Amino acid sequence: MCGIVGYVGKRNSQGILIEGLKKLEYRGYDSAGVAVFTSAGLEVRKAKGRLAILESNLEDAPLQGNIGIGHTRWATHGKPSDVNSHPHTDNTSKFSVVHNGIIENYLNLKEELIAEGAHFVSETDTEVIAHLIASVYEGDIVKAVQKAVKRMRGAFALGVLTEYEPEKLVAVRLASPLIIGVGEGENFIGSDIPAILEHTRNVYILNDGEMAVLTQEGVELMTIEGNFISRELFHVDWDITTAEKGGFDHFMLKEIFEQPKAYRDTMGARINDAGTAIELPEVKLSAEQIKGIRNVHIVACGTAYHAGLVGKNVIERLARIPVEADVASEYRYREPIITKETLVIVVSQSGETADTLAALREAKRCGAHVLAITNVVGSSVAREADSVIVTWAGPEIAVASTKAYTSQLIAFYLFGLFLAQTLGTQTPEAIRSIIADMKELPQQVESILARSEEIKQYAEEFAKNTDLFFIGRGIDYAVVLEGSLKLKEISYIHSEAYPAGELKHGTLALIEDGIPVIALAIQEELFEKTVSNIKEVKARGANVLGIVSEGNDELQKSVDHVFTIPKTTGLLTPALSVVPLQLLSYYASLALGHDVDKPRNLAKSVTVE
Ligand code: F6R
């Protein structure tokens, strides 16, 4: 995830910016840069790759100046490159900007600015901000930033410098975290507390729609409308490791709680303003080509494969095209029938998984169009695919995938609806209604997260067992597969996931007194049938946790515990129902004292076959 650092004070800023960026390295990045106000004006240095590259450039040509901004970039718009790295400047190089987040309407703004004479050098949305601020500047940087921000849609945090007012550093927050560090004769900005912790423990935490103007002498807080705010300083007593995790005990928990933001960012500008259509210009398929698709193959590994199983349901139901989902390590060896009319979708958080990459190459060799769903813009999968839908989950650090998986689900919903609107397989009303429900998902996830203590209790109870079963029908089955993998991966408890109706064909023999069974009974049309299967395990003594949609209270009579999730369109339920399962495995692992973020025998990215 991108990182922001800023400094204004009496000291030379270069070293403070670099050290601050180093403290944000754990968030992941692909390039870095700084802008410092020197005696020669605003000077920018940036470089693709590790911070060490930027550092060595700065050693050759150091920057001297006591006000500056720095950034580590995790690519979203445009590949990782020197030119796409931040800070970005306007054409006069008098304004410099670092930015976290996404500007949803950047293409419209870019067109407008180009018409006014702006010349763009990068592919980023951030560069638009520098040109926009320059175009509305009339001698007051605070007013110019306010004006510019009002024209921008999206979620972002900004640090802005101008050569015209070299004593000021302006910071803005709109749905992307930003904090202000308050020192003695010096002040700081940071996208995260670790960036400034070495210098001060006194911070202001900006809320959405707020901004700050920093000088050596002090900090002024105001809303983006310009109303001044007074706020108590927050004293940070976290150590650096706690600070890196944003106050959470583990990266996995932090990432579970980041899911509402990941949903919002991944949907972002891909839903039109009216909420009636999906816009996916990154899918390089014409309407004619889409109409020519005869079948879809979804290929991925592990958790990404489980997202693919949901994707299969989504595409088949919305677009009525036959879909097969395959584990990537098996795909090539079963001699799949791939033609030019096959669309192959590869799903990979890292974009570097060897088996997925091999499947992608095989599909291309056979002439299929390959669409990648990935979280890493410059990854091998992203570079080699014909089309790429990027999931904007931000870097995932915990080995167990959570927010990347759910963002992959969002990508499948967007793509399924995109196919449906092109093929006319769903009415405009049906599409509108699903989009409306999608927009509710982030806040529905928040409501589930607010009840994580309930799940913690079940997890502590279930963690005493060595075997556990998950059951579900239809799309719920795809979700329980993921729930079971998550549990095995980090708690080392043996678990199996079964289609609920399949148990009696063998596995029911394993159900005995006290065996925990987690049953998803979310799908309305399958609810009664799932309840019958739950009764089968109950009759054999199972201890059942039922997960249902609000309103299905009758399940309470048949199970030992119930956890309800908010109601939504059936196809969208995995984006909600998986959250309690993620929490369950997290708390089970915690109860057993395991290393949650780094489970034994596993690596975050699997680059061998
Ligand atoms: C499980 C997990 C793995 C990955 C799999 C594919 O939590 O993270 O199962 O999903 O190794 O990795 P990517 O998505 O990077 O291709």
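This report walks through the strands, the ligand shell and a few single residues of a predicted model.

## Ground rules

Local features here need pLDDT of at least 70, and side-chain atom pairs count only at pLDDT 80 or more, while totals for chains, interfaces and linings use all residues. Residues are numbered from 1 along each chain as its sequence is written, and side-chain values use heavy atoms, with hydrogens and water left out.

Helices (H or I, at least four residues) and strands (E, at least two) are DSSP runs numbered from the N terminus. Two strands are said to pair if DSSP finds at least two bridges between them.

## The eight-stranded sheet

Let's start with an open sheet of eight strands, in the order β3-β2-β4-β1-β10-β9-β11-β15 and with antiparallel pairing. Its edge strands are β3 (41–48) and β15 (234–235), each of which pairs on one side only. Strand β2 (residues 31–38) runs antiparallel to β3, and eight bridges join the two. Within that pairing, Ala 35 has Val 44 of β3 as its bridge partner.

Further along the order sits strand β1 (residues 3–8), where six of six residues are buried (buried means under 20% relative accessible area, exposed over 50%, and partly exposed in between, with a 1.4 Å probe and protein chains only). In a regular strand the side chains alternate between the two faces of the sheet. In β1 both faces are covered: Gly 3, Val 5 and Tyr 7 lie on one side, Ile 4, Gly 6 and Val 8 on the other. One neighbour is strand β4 (residues 67–73), paired with β1 in the antiparallel sense over six bridges, with Val 5 opposite Gly 70. The other pairing described here is with strand β10 (residues 187–190), also antiparallel, through four bridges; there Gly 6 has Ile 189 as its bridge partner.

## Strand β8 and its partners

Strand β8 (residues 169–174) is largely enclosed by the rest of the structure, because five of its six residues are buried. A hairpin through six residues joins β7 to β8. Strand β7 (residues 154–162) and β8 run antiparallel with four bridges between them, and Leu 158 stands opposite Val 172. β8 also runs antiparallel to strand β12 (residues 210–214), to which five bridges join it; Leu 169 has Leu 214 of β12 as its bridge partner.

## Strand β16 and its parallel pairings

Strand β16 (residues 295–300) is mostly covered, with six of six residues buried. Asn 295, His 297 and Val 299 point one way, while Val 296, Ile 298 and Ala 300 point the other way. β16 pairs in the parallel sense with strand β18 (residues 342–348) over six bridges, and Asn 295 stands opposite Thr 342. It is joined to strand β17 (residues 323–327) by five bridges, again parallel, with His 297 opposite Glu 324.

Together β16, helix α10 (residues 302–319) and β17 make a right-handed β-α-β unit. Right-handed here means that, with the strands pointing away from the viewer, the path from the first strand over the helix to the second runs clockwise.

Just before this strand, Ile 293 sits in the loop between α9 (287–291) and β16. Is Ile 293 buried or exposed? Its relative accessibility is 9%, so Ile 293 counts as buried. Its C-alpha atom is 7.9 Å from that of Ile 321, although the two are 28 residues apart along the chain.

## Around the ligand

Which residues are closest to the ligand? Of the 13 residues that surround the ligand (each with a heavy atom within 4 Å), the closest are Ser 348, Gln 349, Ser 350, Thr 353 and Glu 489. By class, the shell has four nonpolar, seven polar and two charged residues. Helix α10 gives the most, with three residues, and both α10 and α17 (475–491) supply at least two.

Polar contacts are pairs of N or O atoms within 3.5 Å; within protein, one must be able to donate a hydrogen and the other to accept it, and residues adjacent in sequence count only if both atoms are side-chain atoms. A backbone N or O atom of Gln 349 lies 2.6 Å from a ligand oxygen atom, and one of Thr 303 lies 3.1 Å from a ligand oxygen atom. From Glu 489, a polar side-chain atom lies 2.8 Å from an oxygen atom of the ligand. Taken alone the ligand exposes 400 Å², and the protein buries 90% of that (Shrake-Rupley areas with a 1.4 Å probe; for residues, only the protein chains shown count as cover).

Thr 303 has another contact: its side chain and that of Glu 482 are joined by a polar contact of 3.0 Å. Glu 482 lies in helix α17 and is buried, with a relative accessible area of 1%.

Technical notes. Ala, Val, Leu, Ile, Met, Phe, Trp, Tyr, Cys and Pro count as nonpolar, Asp, Glu, Lys and Arg as charged, and the others, Gly among them, as polar.
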